[in-house]
Amino acid sequence: MTGLSVVIPTRDKPASLRATLACLAVSPLAADEDRVEIRVVDDGADDGRAVAEVVGRFESRLNVRRIKGPRRGRAAVRNLGAEDTGHARLLFLDDDILTAEGFLAAHLALAGDPGFAHGPLREFPGARRWLEAHADDEDGELAREAARVLGGGERLMRGSLEAAILAVDSGRAAVPVPWLASVGANLAVPRTVFDRVGGFDEGFGTHWGCEDLELGVRLCDAGCAPVVAHDAAGVHLTHARPDRWKQHDITLTRFRDLHDRADVRALPELLGEAGSAGRYFARLDRED
């Protein structure tokens, strides 16, 4: 089938999931069953009622369905969501991303492109406060508030990985690393290529991070080039992850074991606690 299959993994974050769905619901394509389908893959630790309630709020405005996750980590969740859909282009979107009205149309416009597409993301440090302040808003009002955030109504930041992606896209990077654009929070991939490379590597298990970038290496090795889709940009509702660096140590080790190459070995210079795009490309430039 032509069209866009949107896969949203979620785990115990009903408030941010509602904001994500509220943004999608204002798209003119939101309820077009022939062009867009949405699967919310619930990998939560609870009985699923909270997520089912959130999804139920939008069933009249979105072609959306909740499915139960496998509880084996984000790679397995995304793969399961992909298997449950049928359109020719897969869009992986996290459950804490705010998007503009034209977001789905921007990704759908690339449905015939043989490459994978990343919509640039900015961080919203005040997201927890914002979600609490708008917890009682109607869905439409929440979407309008999200549009205000996207338009610069709140302080937003660009993370080091996004800075590196944009540097590669603009030609400013000392060493081009195209697979960096495979950020799973906002990533569209042709289904044929996704299937051919085997999808996300479920060997990353329940540890957080790098399973999306590892997919990007395989996509690029298969000849699938990235596109930075600026019209499909989003805002990440930033949240604390106390064990982030411990998790990253584990997943970076697996990534390096799978792909022992300079651009992977240098990732701590980009994704580490003091990482930056400048440090990452400087190291690659030295090793080139």
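This passage describes the largest pocket, the salt bridges, two helices and a few backbone features of a predicted model. Residues are numbered from 1 along each chain as its sequence is written, and side-chain values use heavy atoms, with hydrogens and water left out. Because the model is predicted, local features need pLDDT of at least 70 and side-chain atom pairs count only at pLDDT 80 or more, whereas totals for chains, interfaces and linings use all residues.

A good place to begin is the largest pocket, which holds about 1,300 Å³ of space. Here a pocket is an open set of points on a 1 Å grid over the protein atoms alone, where a 1.4 Å probe fits and protein lies on both sides within 12 Å along at least five of seven lines; lining residues have an atom within 4 Å of a point. Grid points are joined across faces, edges and corners, and the volume is the space filled by probe spheres set on the points. The lining of this pocket has 48 residues, and the closest to the centre are Arg74, Trp208, His236, His239 and Arg241. By residue class, the lining divides into 16 nonpolar, 15 polar and 17 charged residues, where Ala, Val, Leu, Ile, Met, Phe, Trp, Tyr, Cys and Pro count as nonpolar, Asp, Glu, Lys and Arg as charged, and the others, Gly among them, as polar.

Several secondary structure elements contribute to this lining. Helices (DSSP H or I, at least four residues) and strands (E, at least two) are numbered from the N terminus. At least two lining residues each come from strand 1 (4-10), helix 3 (74-83), strand 7 (121-124), helix 7 (160-170), helix 9 (211-221), helix 10 (244-258) and helix 12 (268-271). Helix 10 supplies the largest share, four residues.

Two of these elements, helix 3 and helix 9, can be followed further into the structure. Seven of the ten residues of helix 3 are buried (under 20% relative accessible area, with over 50% exposed and partly exposed in between; 1.4 Å probe, protein chains only), so this helix is largely enclosed by the rest of the structure. The buried residues are Ala75, Ala76, Val77, Arg78, Asn79, Gly81 and Ala82. Their cover includes strand 1, strand 2 (36-42), strand 3, strand 4 (89-93), helix 8 and helix 9. Helix 9 is itself mostly covered, with nine of its eleven residues buried. These nine are Glu211, Asp212, Leu213, Glu214, Leu215, Gly216, Val217, Arg218 and Leu219. Gly223, which follows helix 9, has a positive phi near 90°.

Positive phi values also appear in residues other than glycine. Cys210 has a phi of about 80° and lies in the loop between helix 8 and helix 9, where it is buried at 2% relative accessibility. Arg71, with phi near 60°, is placed in the loop between strand 3 (64-68) and helix 3; its relative accessible area of 44% makes it partly exposed. Cys210 is also a partner of His248, a residue of helix 10 that is buried at 6% relative accessible area. Leaving aside neighbours within four places in sequence, His248 is in contact (heavy atoms within 4.5 Å) with Trp208, Gly209, Cys210 and Leu271.

Turning to charged pairs, the model has 24 salt bridges, each defined as a side-chain nitrogen of Lys or Arg within 4 Å of a carboxyl oxygen of Asp or Glu. In one of them, the closest N and O atoms of Arg18 and Asp139 are 2.6 Å apart. This pair links distant parts of the chain, 121 residues apart, with Arg18 in helix 1 (residues 14-25) and Asp139 in helix 6 (residues 139-153). Both residues are buried, and they belong to a salt-bridge network with Arg57 and Arg61.

Another salt bridge joins Arg254 and Asp201, with the closest N and O atoms 2.9 Å apart. Arg254 lies in helix 10 and Asp201 in the loop between helix 8 (191-197) and helix 9, so the pair ties together parts that are 53 residues apart in sequence. Arg254 is partly exposed at 29% relative accessibility, while Asp201 is buried at 18%.

A salt bridge within a single helix is formed by Arg144 and Glu141, at 3.1 Å from N to O. Both residues lie in helix 6, three residues apart, about one turn of the helix. An α-helix has 3.6 residues a turn, so residues three or four places apart point the same way. Arg144 is exposed at 54% relative accessible area, and Glu141 is partly exposed at 28%.
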